[in-house]
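Please open the structure in your viewer and keep the selection tool at hand. The tour below goes from one selection to the next and says what to look for at each stop.

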Amino acid sequence: MTVTEPEHQLTALLPLDALLTADSPRTAGEDPQHVRSLARLDVPLPPIVVHRATMRVVDGMHRLRAARLRGDERIAVRFFEGTAEDAFVYAVRANNQHGTPLTQADRSSAAERIIRSHPQWSDRLIASAVGLAASTVASLRRRAAGRVGQVTARTGRDGRVRPLNAAEGRRRACALIAARPQASLREIADVAGIAVGTARDVRMRLRKGQDPVPKKLRDDEMRQRAATQPAPVPAPADRPEGVPPAGTPSTEPPLPKLRKDPSLRFSESGRTLLQLLSVHAMGGERWRRLLESVPAHRRTTVAQAARHCAESWLRFAIELERRSV
């Protein structure tokens, strides 16, 4: 989470009436006996954590109720900076680390909620937040299929973003190796979004003339596509033969559509992008003429320049794909 942790903030004293009750992961609410035990303490209660944007308690509802029970007017707080969704994740982590532990039902309910609010998080990352096994989170995610936003990559516990479809990462690495054969494994891995070991395996497979994507990954990819492919729409009786049904992906080249987009046509950078794409979209006879125009003593140098351009476009495409996740 890209937030300011409350532990590193100064403490403030706030009136109890200024605070809202917590959006708590405890489905059964607070334990009255624990509240009374805290209220009997003749010392200041530890600071609670409050979401600054909403003034809702994130961590410390037992302490807040104890303060009210013993007649305190103010309580020490530290502020949580971030979204309400991130505040809930912090509350779950905090409750797992100290105080009365969450029940199994509380943890499962919290995991289901985080799966919906943070679908880009990996099963292991969510599991570390709620205190469940990653396999349990994976099972909860499968049950929530259809009610959770679809993503093409997930963020792991180490902060790295990895594609759900490992085959695509290998294909990006393959394209980069073809464009820049001398690139290091670290460079290939960083650009393609894969591990260094995976980049090494892709390079070895290419040298052996093998498919960079192992058969197991290709089979998994086919199963994923089959599982997400919508059921075929029966053709209406009045639809002309050869006209594709609604929702059929278009095979029309994308460049003509881009040329009609006002957001690109009427901005200087957009026009530059369209011009560059138009130059590189040429093919057929124009390519043949260009190949024949390269003198023999410059073929290697021109090939290197072409590979450099290809690498630049590949990096551009990968960055656009990452931003669309």
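**First stop: a residue in a loop**

Begin by selecting M55, which is partly exposed, because its relative accessible area of 23% falls between the limits of 20% for buried and 50% for exposed. Keep in mind from the start that you are looking at a predicted model. M55 has its place in the loop between β2 (48-51) and β3 (56-59), and although it is not a glycine, its phi is positive, at about 60°. Most residues other than glycine have a negative phi.

**The whole chain**

Now zoom out and colour the chain by secondary structure, which comes to 15 helices and 6 strands. Of the 325 residues of the chain, 31% count as buried, while the surface that the chain exposes is about 20,700 Å², with carbon and sulfur atoms supplying 55% of it. If you consider the contacts in the chain between residues at least 6 apart in sequence, 67% of these join residues at least 24 apart.

Next, colour by pLDDT, the confidence of the predictor in each residue; the mean for the chain is 81, and 83% of its residues reach 70 or more. Select residues 238-251, where pLDDT stays under 50 and for which the model has 5 contacts beyond four places in sequence. Where pLDDT is low, the predicted coordinates should not be read in detail.

**The nonpolar cores**

Which residues have the most contacts inside the largest nonpolar core? Select I114, I126 and V130, which have that role in a core of 19 residues. The elements that give two or more residues to this core are α3 (84-97), α4 (104-117), α5 (123-130) and α6 (134-143), and among the elements it is α5 that gives the most, with 5 residues. Stay with I126 and show its surroundings: leaving aside neighbours within four places in sequence, I126 is in contact with A111, I114, I115, H118, W121, V137 and R141. Apart from this core lies another, of 17 residues, and you can find it by selecting L45, I48, A66 and A67, which are among its members. In soluble globular proteins, nonpolar side chains tend to be buried together.

**Aromatic rings and charges**

Move on to the aromatic rings, where the count comes to 1 aromatic pair. Select F80 and Y90, whose rings are 5.4 Å apart from centre to centre, with 45° between the planes, so that the pair counts as tilted, being neither under 30 degrees nor over 60. F80 belongs to strand β4 (residues 74-80) and Y90 to helix α3, 10 residues apart, and both F80 and Y90 are buried.

Two other rings have a charged group over them. R52 lies over the face of F79, at 4.1 Å from the ring centre, and the charged end of R113 sits over the ring of F88, 3.9 Å from its centre.

**Two helices to finish**

Select helix α8 (residues 185-192), in which L185, I188, A189, V191 and A192 are buried, and then step to G193, which follows α8 and has a positive phi, near 75°.

Last, select R205, which has its place in helix α9 (residues 196-207). Not counting residues up to four places away in sequence, R205 touches R170, Q210, D211, P212 and P214. You can also draw a line from R205 to C174: these two are 31 residues apart in sequence and 9.7 Å apart in space, C-alpha to C-alpha.

Terms used
Residues numbered from 1 in each chain as written. Predicted model: local features only at pLDDT ≥ 70, side-chain atom pairs only at ≥ 80, totals over all residues. Heavy atoms only, no water. Core = buried A, V, L, I, M, F, W, Y, C linked by side-chain atoms within 4.5 Å. Buried < 20%, exposed > 50% of the residue type's maximum accessible area, 1.4 Å probe, protein only. Helix = DSSP H or I, 4+ residues; strand = E, 2+ residues; numbered from the N terminus. Contact = heavy atoms within 4.5 Å. Phe/Tyr/Trp six-rings, centres within 6.5 Å; stacked < 30°, edge-to-face > 60°. Lys NZ or Arg CZ within 6 Å of the ring centre and 35° of its normal. Areas by Shrake-Rupley, 256 points an atom, 1.4 Å probe, with all protein chains shown as cover. pLDDT = per-residue confidence, 0-100.
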